[in-house]
Amino acid sequence: MLTAWDYPTAKILEEAGIDYILVGDSLAMTVLGHPNTKSITLENMIYHTQAVAKGAVKTPIIADLPVGTYDNPQDAVTNANKLLAVGATMVKIEGNNPEVVKALLSNNIQVVGHLGLLPQTAEKFTVVGREQEVAEKIKQDARELSDLGISLLVLECVPVKLAKEITEAITAPTIGIGAGMYTTGQVLVLADIIGLSDKKLKMVKQYADVKARIRHAVSEYIQDVKNGAFPTEENSFV
Ligand code: KIV
């Protein structure tokens, strides 16, 4: 699984054969320039999900419900339906709120859970679950969510051992980000793996330096225009 934020990124991911596309609320930082995910709005998520759905016509699309839009079952169902209406296949919510999950599922809305580091409410961005008590709570939440019938469970920034134990203990497939090699699948933020983000994170592997490529292309274009190498007759109409 990888994140996408618009038509071209979704199209590229689908062409490359990704299993799931996440319209993650991390686009608040990577695309909209906000300091964290707390400022993302439902309207932002609808706008980006709609664009992603135009580019990915076969791949299941998971859309994040932003913080504050699923505080009670009724809001969760109403707002999730808005994301489904523009092309999301499932919605992802952070934490364990059984009443919200039950309401979504009973309205035929597929749910992706998200445990461990919860960016929508976290005060510190760090590994979660090193302490026995916290690890037990995450395990218990994972069991509960899986038993309720969620489709997938994202585990973010948890110790490898905890992610492995959860993966072995529950029916829902786990998707790790900074959770080691034993989860069922992996997710990363596209901007991070292609080198578009400003930060370098330990849990990320960068596969391309798209920022440098774009900068280079733009500099060449500027030079060409300034020294008359572009446009030529080839690029002109008679
Ligand atoms: O918003 C996001 O990008 C996420 C991560 C789990 C990838 O939720």
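Among contacts in this protein between residues at least 6 apart in sequence, 53% join residues at least 24 apart; contact here means heavy atoms within 4.5 Å. Keep in mind that this is a predicted model, where local features need pLDDT of at least 70, side-chain atom pairs count only at pLDDT 80 or more, and totals for chains, interfaces and linings use all residues. Residues are numbered from 1 along each chain as its sequence is written, and side-chain values use heavy atoms, with hydrogens and water left out.

**The overall picture**

The protein has nine helices and eight strands. Those labels are DSSP runs, numbered from the N terminus: helices are H or I with at least four residues, strands are E with at least two. Along the principal axes, the C-alpha atoms fill a box of roughly 70 × 35 × 30 Å. Of the 238 residues, 45% are buried. Buried means under 20% relative accessible area, exposed means over 50%, and partly exposed lies in between (1.4 Å probe, protein chains only).

**The core**

How many residues does the largest nonpolar core have? There are 70 of them, and those with the most contacts inside it are Leu 65, Leu 83, Ile 93, Leu 104, Leu 153, Leu 155 and Ile 166. The largest share of this core, five residues, comes from helix H3 (residues 42-55). A nonpolar core, by the way, is a set of buried Ala, Val, Leu, Ile, Met, Phe, Trp, Tyr and Cys residues joined through side-chain atoms within 4.5 Å.

Now take a look at Leu 65. Leaving aside neighbours within four places in sequence, Leu 65 is in contact with several residues, including Leu 42, Tyr 70, Ala 76, Ala 80, Leu 83 and Ile 93.

**Two helices that meet**

Helix H4 (residues 73-85) packs against helix H5 (residues 98-106) at an angle of about 40°, and their axes are 8 Å apart. That makes H4 oblique to H5. For the terms: axes are lines fitted to C-alpha atoms, for helices over the stretch in contact, and angles run from 0 to 180 degrees between N-to-C directions. Angles under 35 degrees count as roughly parallel, over 145 as roughly antiparallel, 65 to 115 as roughly perpendicular, and the rest as oblique.

Which residues do the meeting? Pro 73, Ala 76, Val 77 and Ala 80 in H4 meet Glu 99, Val 100, Ala 103 and Leu 104 in H5. By class, that contact has seven nonpolar, no polar and one charged residues. Here Ala, Val, Leu, Ile, Met, Phe, Trp, Tyr, Cys and Pro count as nonpolar, Asp, Glu, Lys and Arg as charged, and the others, Gly among them, as polar.

**Spots in the loops**

Three loop residues are worth finding in the structure:

| Residue | Loop | Relative accessible area |
|---|---|---|
| Asn 108 | between H5 and strand E5 (110-116) | 70%, exposed |
| Cys 157 | between strand E6 (152-156) and helix H7 (160-169) | 12%, buried |
| Met 203 | between helix H8 (190-193) and H9 | 28%, partly exposed |

Asn 108 has a phi near 60°, a positive value in a residue other than glycine. For Cys 157, phi is near 50°, also positive in a residue other than glycine. Not counting residues up to four places away in sequence, Met 203 touches Glu 156, Cys 157, Ile 177, Gly 178 and Leu 188. Met 203 and Ala 135 are 68 residues apart in sequence and 19 Å apart in space, C-alpha to C-alpha.

Finally, in the segment after helix H9 (210-227) you'll find Pro 231. The peptide bond from Phe 230 to Pro 231 is cis, with omega near -5°.
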